[in-house]
Amino acid sequence: MKILLGLLGLSFLVFFHELGHFLIARAMGVTVEAFSIGMGPVLLHHKWGATDYRISLIPIGGYCSMKGEKDYQNALDTNQKEIHGDNDSFYGVHPFKRLLIAFAGPFFNVIFAFIAFTVIALMGYTYTTAGNKVLMSTDVEEYKDSSSPAAEAGMKSGDIILSMDDTEVNDYTEIRQFITMNGGKTVRVKVLRGNEYLEIDVPMGFDKSTGSGFMGIVWDKDSIIQKNYGPYSFFPALAQGAKEVVNTIGIAIKSIGILFKGVNLTSAVSGPVRTTVMIGDMISTGFEEGARIGIINALEFLAFISISLFLTNLLPIPVLDGGLILFAFIECITRRKMNPKLLYYIQMAGLVLLLALLALAIVGDIVYFIK
């Protein structure tokens, strides 16, 4: 059941992505020959105007097939110097329009995340966390054998953390979020110890198996609190939705940067299987606690995955949307169409890179499930 829920969640994000391509292609005057919900053999279809709308057998994502997508292959086969196409075809329109069509898919992933975060803000929820008072892990029996960069730097159990690198933190959840994203850095931590304010420089630890930072602190169980997020009225909810999108993009970009800090990629990078299971697990676990929590959990996690898809698809790898955007941008600047053979060689190199990354992610999934 969890895998089915995960597939449905991931499929919806891919479908929403393809919907962006579809709508902007139509707006730019490109004929969309087929738009499908799902992949594989067509189960049902109906032609409305120039577009054949389909429901396909495999309920994973979908596709948007535009007129002229085969013009590229035809140009290669006939050894043409540039790709020619009709005025209503993908390669026949101005490169700026092609750029917008390519960008629309990733941008719709951002739109979905904005809608999801806005709905969450409108609904509101209560969550359990701890206060700012922390204990050194070495002072807690179950963690006494662990290392504590915080204790080594001079922090003590009972310290109340007020800010980290001038970023105010209001509870343990915010403290953990900051630590996770700043592994390997030296962070200036402002604490309250009794009646004394102190600033302590703490070199954060870095776990290469997960890509997360650690500080060697745990929460004080006596400071458990419940806090409310929202509910907000309509316009403040829109503002919260936009704020969460910006914050999530920032976290996702930092996460990509962490991959270049020597992490164990097979442990830290989730492939398609693990991602599907994680989505299904989050949705099912949430609904076990009630419909409201289930909806919030599902929307929040899908919003984060959607932002990840946005950034991944913008990478300038030729077989991704980012590659199409880059090529269209070059044509806009140079005012010349790129040679099909040059595009082919670049795309083959990009495909090899993408397959290598996918293989790495799948190996990581296999290792994860074996463990």
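**Close-ups of a predicted model**

**View 1. I161 and V191 face each other across two strands.** I161 stands opposite V191, which belongs to β7. This is a predicted model, as are the views that follow. Strand β5 (residues 160-164) and strand β7 (residues 186-193) run antiparallel and are joined by four bridges. Both strands belong to an open sheet of four, ordered β6-β5-β7-β8 with antiparallel pairing. At the edges sit β6 (167-168) and β8 (196-203), each of them pairing on one side only.

**View 2. D201 and R188 make a salt bridge in the sheet**. Here the closest N and O atoms are 2.8 Å apart. D201 comes from strand β8 and R188 from strand β7, and the two are 13 residues apart. D201 is partly exposed, with a relative accessible area of 38%. R188 also counts as partly exposed, at 41%.

**View 3. E331 and R98 join two helices**. The whole structure has ten salt bridges, and one of them pairs the side chains of E331 and R98 at 2.6 Å, N to O. It links distant parts of the chain: E331 is in helix α10 (residues 321-334) and R98 is in helix α3 (residues 95-123), 233 residues apart. Both E331 and R98 are buried. R98 has an aromatic neighbour too: it lies over the face of F90, 6.0 Å from the ring centre.

**View 4. K133 and D220 connect two loops**. Their salt bridge has its closest N and O atoms 3.7 Å apart. K133 sits in the loop between β3 and β4 (134-136), while D220 sits in the loop between β11 (217-219) and β12, 87 residues away in the chain. Are the two partners buried or exposed? K133 counts as partly exposed because its relative accessibility is 37%. D220 comes in at 10%, so it counts as buried.

**View 5. Y125 pairs with two other tyrosine rings**. The structure holds 16 aromatic pairs. Y125 and Y127 form a tilted one, with 6.0 Å from centre to centre and 55 degrees between the planes. Y125 and Y229 have ring centres 5.2 Å apart and planes at 35 degrees, so this pair is tilted as well. Since Y125 lies in strand β3 (residues 125-130) and Y229 in strand β12 (residues 224-229), the pair ties together parts that are 104 residues apart in sequence. Y229 is buried at 14% relative accessible area, whereas Y127 counts as partly exposed at 25%.

**View 6. Ring pairs build an aromatic cluster**. Its members are F12, F15, F16, F22, F35, W48, Y53, F108 and F112.

**View 7. β1 and β2 share a nonpolar surface patch**. The patch covers about 710 Å² and is made by I37, M39, L43, L44, I55, L57, I58 and I60. β1 and β2 each supply at least two of its residues. Take I55 as an example: it lies in strand β2 and is partly exposed, with a relative accessible area of 42%.

**View 8. G49 sits in the loop between β1 and β2**. The flanking strands span 32-48 for β1 and 51-66 for β2. G49 counts as exposed because its relative accessibility is 59%. Its C-alpha is 9.8 Å from that of T31, a residue 18 positions away in sequence.

**View 9. K67, D86 and D88 form a charged network**. Salt bridges link these three residues.

Definitions and conventions:
Residues numbered from 1 in each chain as written. Predicted model: local features only at pLDDT ≥ 70, side-chain atom pairs only at ≥ 80, totals over all residues. Heavy atoms only, no water. Phe/Tyr/Trp six-rings, centres within 6.5 Å; stacked < 30°, edge-to-face > 60°. Buried < 20%, exposed > 50% of the residue type's maximum accessible area, 1.4 Å probe, protein only. Lys NZ or Arg CZ within 6 Å of the ring centre and 35° of its normal. Patch = residues over 30% accessible without salt bridge, like charges linked within 9 Å, V, L, I, M, F, W, Y side chains within 5 Å. Areas by Shrake-Rupley, 256 points an atom, 1.4 Å probe, with all protein chains shown as cover. Salt bridge = Lys/Arg side-chain N within 4 Å of Asp/Glu carboxyl O. Pairing = 2+ DSSP bridges.
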